[in-house]
Every structure is written in C-alpha cells, then in structure tokens.
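The following exercises are to be worked through with the sequence and the structure at hand. Each task is followed by a solution in steps.

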Amino acid sequence: MADVAIPRAKPQMSEDSAWTQLKHNRNWLGFWFMVPAMAFLIFFLAYPLGLGIWLSFTDTRIGRVGHFIATENYEWLWDDSIFWLSVFNTLLYTFVASALKFAIGLYLALLLNENMPFKAMLRAMVLIPFIVPTVLSALAFWWIFDSQFSIISWSLKHLGLINQNINFLGDTTWARICVIFANIWRGVPFVAITLLAGLQTVSPSLYEAATLDGATRWQNFRYITYPLLTPIIAVVMTFSVLFTFTDFQLIWAMTRGGPVNATHLMATLSYQRAIIAGQLGEGAAISSAMIPFLLAAIMVSWFGLQRRKWQQGESND
Amino acid sequence: MTDLPTRSIDLKNVLSGSAPTADHTEGMSYLQSVPRRIVTLYLPLAIIVIVLLFPFYWMALTSVKPDEQLLDLDRYNPFWTWNPTFKHFHKLLFESYYPHWLWNTMYVAVCATVLSIIASVLAAYAIVRLRYKGANLVGGLIFLAYLVPPSILFIPLATVVFQYGLFDSPLALILTYPTILIPFSTWLLMGYFKTIPFELEECALIDGASRWQILIKIVLPLAIPGLISAFIFCFTLCWNEFIYALTFLQSTSNKTVPVAIVNEFVDGDIYRWGSLMAGALAGSLPLVILYAFFVEHYVSAMTGAVKE
C-alpha cells in the first residue's frame, strides 16, 4: 500500500469559503456520500410506503384517480370473509412453516457441525435450494404435486399404501400442506447455514469440560449450545418470519391462492385485488394491514440485537 | 475428474470467515461408535439432503424425458430414462423468447447490482468512517429499510412507475431493485469497512489525500472480498425477484425469466411439463454455476448480513 502515489492537496488552512466547506467539512462530505443511496431509498421506498398507506384510504382504481374515502376500505375488509381467511392462512402458514424451519434447520446445523467426510461439499449442496429462484423450484414442486402424474402418488401406489392418486393441490388441506412443505424446503438451508455459522463460534473446550463432568449430549445442547446460540436464533427467526409472512411468489407459482382461497395469503390477495381486479385502494388496504405484524417482528429483531451486544460486552456504538 | 481434489479443498473454507474454531468435534468424535454415528448422523443427514436435492433431480430428469414417457407411468419407470432428448431445450431456445428473457434478466440484474453497490459503497463508507452527525441514526434507518418487504410496496410502486412513464420498461426494475439491495449491501459493507485499520486512512490523510482518494485507492482494494460477496448476493436476489417484475412488465419480450416461465409456459397443453422444467432448469443453472465458484463469498454474505 505504501507505494500508492497520492497527489498532495493544496494547503488551504485558513481559507474557509463556502466551497471549501462543502468539500472538506465532514458533515457535508457525509451528505454528498449519502446522496445516491438516500435518493433511491427515499424515492422508491419511503415515498411509496407513505403513498401505499394514503392509497388505502382512497378508492383509487387502475387508470382512475381516487378520492379520499376515510376508512371505508378497511370497513369493507372487516366484513370480508375472504380477507379474514387470508389472514388466518397467513398466520397458519407463517407459524407452522417458521416453527418447522427452525426445528429442522437447527437439527441440520447440528448434524453438519459434526466431523465427517465430504463435510464442505455437503454444506455447499445443502444451500442449493436457497440459491435457485423460488419461482423455478416452486414449478418443480407444482409438477411433483401434479394431480395425475405426481411422482409421490406413483411411489405410494407402488408401495401399496394408497389406491388412487392424491389430489395434492386440489384439496384444501393437502394444498396447505404442500405449500407449507415447499416453503420449509426452501427456508431450511438458510436457517441451517446461518445457525451453523453461529455454532462454529462456540468454543469446543466448553463441550469437553461438560463431557468430563458427565454431561449427556442433550445436556450439552440444552445448557451450552442453546444459550450461546439464542441471539443469532432471534435474528434468523425474525428474518424467517418476516419473509414467510410476506411470501408471494411460492404461492403464486403453485396455487395462485386456490383451491377455494385455501392458500390465499395477504400478499397474494392484495395482488389479486389491486392488480388483477384493478382495485388499487382495496389492495393497498390489505397490504397496509400487514404492517402491524411486521412491526412486531422488527421489535423482536431489535431486542434480539440489543441482547447480543449486551452478551458480548460491546458498548452501543 | 482431475480437478476434484483441489475443489474440495477450496470448499473446505465454507464459513471460514466466522469459524476460528471449525472442526471442533474432531476431538470428541471418537467417543461415538460407528453404528451409533450411522443412525444418529449419516442416516438423518442422508434423508434431509435427498429431500433437499430431489426436486432438482426431478426437474433435470423431466427436462430430458421424451413426452410419451412423461405421462405414461405404467410402462416406463419414472425415476430414470434411457433415451434422453433435447427436444424441450430446442423448443425453448428456438421456438420461444427464452434467450430474450434470459438476456433481460441478466441485464436488469447486472445494472441494478452495479448501481446499488456504487451507492452502498459511498453510503457505508460515510456511515462508518466519516461519522457525520446522525450517522448512527441513518445506519439504523437503513437497517429498517432492509425489513420492508416488496409485497407491501408493489402497489404504490406500480403507481409511481406509471407516473414516471417507466411502465413495461427494464428501467422500472433497474431503479426499483436497488431498494431491496442497497440496505443489504450497505449493511454488509459497513461490516467490512470496520475491519480496515483506521491508521491506514490517517496516514493517507496526513499525506494530503482527499476522502475520495482514500476510498478509491485504499479502502476499496482492501474490501474486495466484501464487494464480491455483496455483488454475488445482490445478483442472486435480483434474479430471484418476482413480484415487481410481475407487476411492472407487460409485453412478452420484456419479461424476466421467472415471470415469463410462470405466465407464458403455463397453458392448457398437457405436454408442457418437459419445456416448463427445461425452462426452470436453464433459469437456475447460471446461478448455481456462479454459486459453485463463489460459495464462500455467498455464505459470508448471508451470515454476515444476519450477524451485523
């Protein structure tokens, strides 16, 4: 690094014109450096976020400017059974998928943390479902869960377990199970690999000491692994819950909300109402209704981070 | 086959960025007998890995099976095919807009990623090193922006895109994707910049370098691993993005791969499965290949973003 030639700036100690200040004052410099990122985030994130909430109080449609109608959209949704069904579906989907993702992901992380041949290769392979675009793997699941040519039905029939094909995506209960399964399938690698990163920071001497004191494997996990992993679990699960709750593409590729709205999530319902039916105001109201849930998830994440800093003895920088 | 050994050594560095104590179970694994290890470790691991990879096998197999074998499960064993065909890929490449879609996806992903990385480098450097008034607050706000999901933004963004006259143009995606990418990569790069010794910058400042020269000539060359991580992860996110592309694009030739496959290939044709799976496979392969080369960078991006 030492041989990098850096041209000398002209010494301008005492001169303090407005232009020099703009160039050298640290606050102004900081401002100039922030401009591109802030421009994107303000024009395409903060402004639309506010606009979305405003739209939810209007009767805007595609191609027609809306008028302020106060809370009429929300009152309308309050009496809409499909909306409540989508809320129920979203909560069920989020809760079941997140809980199983956590359980299987933690189990997989513990397995991958063991010493074994081809360990690195296995870890790399496990992450593939997370790399491949969700829609494309959802299409593969759509084909696997096909009503007539499903490979699962075929295998079960040949094993003699069932007599006729299961109508995976046509039956309400099966459809819910299938989309939840596909979501877990996609989410487990993320949870497993991030928790594995956390596991590797746990010092092995702790396990050795505990084992010498006669701790069982379960006690090792319960009293060493789990407490040390809690902060990272909090953060990973917040992300997982957040992305499961607002999931759109998996459902859209597999069922589009069907059969009989059994797999409609709030995100898919808002897309259907806003873009397909053209009721932008109503769709915006549905997506705005997701915000309180998201805020709850963000609070959890924030407290998780705080606790992590506290555990590491870091000051709040 | 000759390059296999070196490859596996490279892959051993997965997660090395966060693993000073990797391989720690080596010391105690002798406590377990072999049969016990088979039942508690290899068997469950094998089941999970097979479930995780089966859809890709199925995707690949379907894309090379002849049509009559796809739908006749009684005469042919569905788990294998002895006469693979490239008919589906041929149809994809020469009878559809697929090359167009692939190009669109690539173009949008590269442009959006480059834009976001430039913006993020500047922002992250300013937050970490310039420490202007309110830098911490801005850092917190950017983290919050990371948590705003596209599914609550697409409706208002659609109206914004329409007002700016960007509807049905790749520019709509190039300008909106950075809202997903900037918070993530800023946060990741902040972590990398923090690890660069402050003394280097002090020396340069004393020698009369401007902040801009410091960033270009000192900080960026040292942060190259972080830049690669951010680039790979952002590129993957762009490729994966669906809801904005679905909402903002309309004409068939402008679509990106994920949207186009869902909308254009799903028709009533009972023989569509072969080309559908071929399309899904061809759309996934570029990312998987990229991932195979940069696996450590990808993992460090993923875990880094969670840990910071």
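Helices (H or I, at least four residues) and strands (E, at least two) are DSSP runs, numbered from the N terminus. The model is predicted: local features need pLDDT of at least 70, side-chain atom pairs count only at pLDDT 80 or more, and totals for chains, interfaces and linings use all residues. Residues are numbered from 1 along each chain as its sequence is written, while chains are lettered from A and ligands numbered from 1 in the order in which they are written.

**Exercise 1. Describe two annotated spans of chain A and two of chain B.**

Step 1. Under "transmembrane region", an unreviewed UniProt entry lists several spans of chain A, including residues 31-55 and 174-202. UniProt positions are given in the numbering used here, feature names are shortened, and annotations may be inferred rather than shown by experiment.

Step 2. Residues 174-202 of chain A are 90% helix and 0% strand, with end C-alpha atoms 41 Å apart. For residues 31-55 of chain A, the values are 100% helix, 0% strand and 32 Å.

Step 3. For chain B, the spans that UniProt lists under this name (unreviewed entry) include residues 38-60 and 273-294. Residues 38-60 of chain B are 100% helix and 0% strand, and their end C-alpha atoms lie 30 Å apart. Residues 273-294 of chain B are 95% helix and 0% strand, with 32 Å between the end C-alpha atoms.

Step 4. Chain B as a whole has 16 helices and zero strands.

**Exercise 2. Characterise the side of chain A that touches chain B.**

Step 1. Two residues are in contact if their C-beta atoms, placed from the backbone, lie within 7 Å. By this criterion, 87 residues of chain A are in contact with 95 residues of chain B.

Step 2. Helix α2 (residues 26-55) of chain A supplies the largest share of the side of chain A that touches chain B, with 18 residues.

Step 3. Ala, Val, Leu, Ile, Met, Phe, Trp, Tyr, Cys and Pro count as nonpolar, Asp, Glu, Lys and Arg as charged, and the others, Gly among them, as polar. This side of chain A has 65 nonpolar, 17 polar and five charged residues.

**Exercise 3. Determine how α14(A) and α7(B) are oriented.**

Step 1. Helix α14 (residues 280-288) of chain A packs against helix α7 (residues 154-163) of chain B at about 140 degrees, their axes 9 Å apart. Axes are lines fitted to C-alpha atoms, for helices over the stretch in contact, and angles run from 0 to 180 degrees between N-to-C directions.

Step 2. Angles under 35 degrees count as roughly parallel, over 145 as roughly antiparallel, 65 to 115 as roughly perpendicular and the rest as oblique. Therefore α14(A) and α7(B) are oblique to each other.

Step 3. Leu280(A), Gly283(A), Ala284(A) and Ser287(A) meet Ile155(B), Pro156(B) and Thr159(B). The residues of this contact are four nonpolar, three polar and no charged.

**Exercise 4. Is Phe118(A) buried or exposed, and what is the sign of its phi?**

Step 1. A residue is buried if 20 or more other C-beta atoms (placed from the backbone) lie within 10 Å of its own, exposed if 12 or fewer, and partly exposed in between. Phe118(A) counts as exposed because it has 11 C-beta neighbours inside 10 Å.

Step 2. Most residues other than glycine have a negative phi. Phe118(A), although not a glycine, has a positive phi of about 55 degrees. Phe118(A) is located in the loop between α4 (81-112) and α5 (119-126) of chain A.
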